[in-house]
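This report describes how helices and strands are arranged in one protein chain. Please view the sequence and the structure before reading on.

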Amino acid sequence: MPSEIKLLSSTAMKSTLDEVLPKFERATGHKVVPDYAPSTRIAKRVGEGEACDAAISTAEAIEELVGKGKIVSGTGVDIARSAMGLAVQKGAPKPDISTAETFKQAMLATKSLGMSNPVGGGVSGGLLIKAFERLGILDAMKDKLTFGPGGPAGLIGHFLVRKEVETGIQQMPELMAVPGIDIVGPLPDGVQSVSVFTVGVSTAAKDAAAAAALVKFLAAPETAAVLRSKGMEGG
């Protein structure tokens, strides 16, 4: 019998899932109901007992949820690797971010920067704050920062389109999901942190077999090809 699968997922996966979930539904008859939020928020919701059938968050978060008895041990599969990127307003000059030092100078030169909130927002926010600390520019950046609220409405590209910030940094697939901005490219070595996204079956799944079928589908080569087109690599 077809089932309805509730999927809690990191926002970074949305553009890929928008394309591949209809294929899964046609092939299996199951209906997937996705709910998107920043990875840290997904992990918190699952950890606090929100009912779902499957969840996508960072590899570290899924491992912790297995330990808490919220994700079935052995069902976690790495499905995507996502790098952080930098974008500017459409037509604006593109800064040199080819090295950690030129990235540092670009950050010091920009008047404003949109990014994920490091507290409760997307995983890139916390990673970026750590990068600023390593570069010794965190204090210089604090007054320039605008934090997105997380989720699909919090894509930093929207802030660039509305000209609310001069520069934006977020996961590459999240930047690519917003038309009307110019993506400079991924952050350089020494600044870059690649996030691994993992999907696992919830211990509260109503139909564990259906949820496992979704996990298998998301780990398939066909999905990996779509991930590449959206700015990520298969896990």
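The sections below cover a β-α-β unit, the helices that pack on its helix, an open sheet, and the helices that lie on that sheet.

## Basis

The model is predicted. The angles, distances and contacts given here are computed from it.

## The β-α-β unit

Strand E1 (residues 4-10) and strand E2 (residues 31-37) run parallel and are joined by 7 bridges. Within this pairing, Lys6 of E1 stands opposite Val33 in E2.

Helix H1 (residues 14-28) belongs to the same local motif: E1, H1 and E2 make a β-α-β unit, and the unit is right-handed.

## Helices packed on H1

H1 is in contact with helix H10 (residues 221-229). Their axes come within 9 Å and cross at roughly 155°. Angles over 145 degrees count as roughly antiparallel, so H1 and H10 are roughly antiparallel to each other. Their crossing is right-handed. On the H1 side the contact is made by Thr16, Glu19, Val20 and Lys23, which meet Glu222, Thr223, Val226 and Leu227 in H10. By class, this contact of H1 with H10 is made up of 3 nonpolar, 2 polar and 3 charged residues.

H1 also packs with helix H9 (residues 208-218), at an angle of about 125° and with the two axes 11 Å apart. H1 and H9 are therefore oblique to each other. The crossing of H1 and H9 is right-handed. Leu17, Val20, Leu21, Lys23 and Phe24 in H1 meet a set in H9 that consists of Ala210, Ala213, Leu214, Phe217 and Leu218. The contact of H1 with H9 has 9 nonpolar residues and 1 charged residue, with no polar ones. Val20 and Lys23 of H1 appear in the contact with H10 and in the contact with H9.

## The open sheet

An open sheet of 5 strands follows the order E7-E6-E8-E5-E9, and its pairing is mixed. Strand E7 (145-148) and strand E9 (181-186) are the edge strands, each pairing on one side only. On average, and with direction ignored, neighbouring strands of this sheet are turned by 30° against each other.

Inside the sheet, strand E6 (residues 113-116) pairs with strand E8 (residues 167-171) in the parallel sense, over 2 bridges. Gly114 has Gly168 in E8 as its bridge partner.

## Helices on the sheet

Helix H4 packs on the sheet and touches strand E5 (84-89), E6 and E8; the direction of H4 makes about 130° with that of E8. Helix H5 lies across E5, E6, E7 and E8, and runs at about 125° to E6.

These two helices also meet each other. The axes of H4 (residues 100-109) and H5 (residues 123-135) come within 11 Å, crossing at roughly 100°. Angles of 65 to 115 degrees count as roughly perpendicular, so H4 and H5 are roughly perpendicular to each other. In the contact, Ala100, Phe103, Lys104 and Met107 in H4 meet Leu128, Phe132 and Leu135 in H5. The residues of the contact of H4 with H5 are 6 nonpolar and 1 charged, with no polar residues.

Note on methods: Residues numbered from 1 in each chain as written. Predicted model: local features only at pLDDT ≥ 70, side-chain atom pairs only at ≥ 80, totals over all residues. Heavy atoms only, no water. Pairing = 2+ DSSP bridges. Helix = DSSP H or I, 4+ residues; strand = E, 2+ residues; numbered from the N terminus. Right-handed = clockwise from strand over helix to strand, strands pointing away. Axes fitted to C-alpha atoms, helices over the stretch in contact; angles between N-to-C directions. Parallel < 35°, antiparallel > 145°, perpendicular 65-115°, else oblique. Contact = heavy atoms within 4.5 Å. Nonpolar A, V, L, I, M, F, W, Y, C, P; charged D, E, K, R; others polar. Left-handed = near helix turned anticlockwise from the far one by under 90°.
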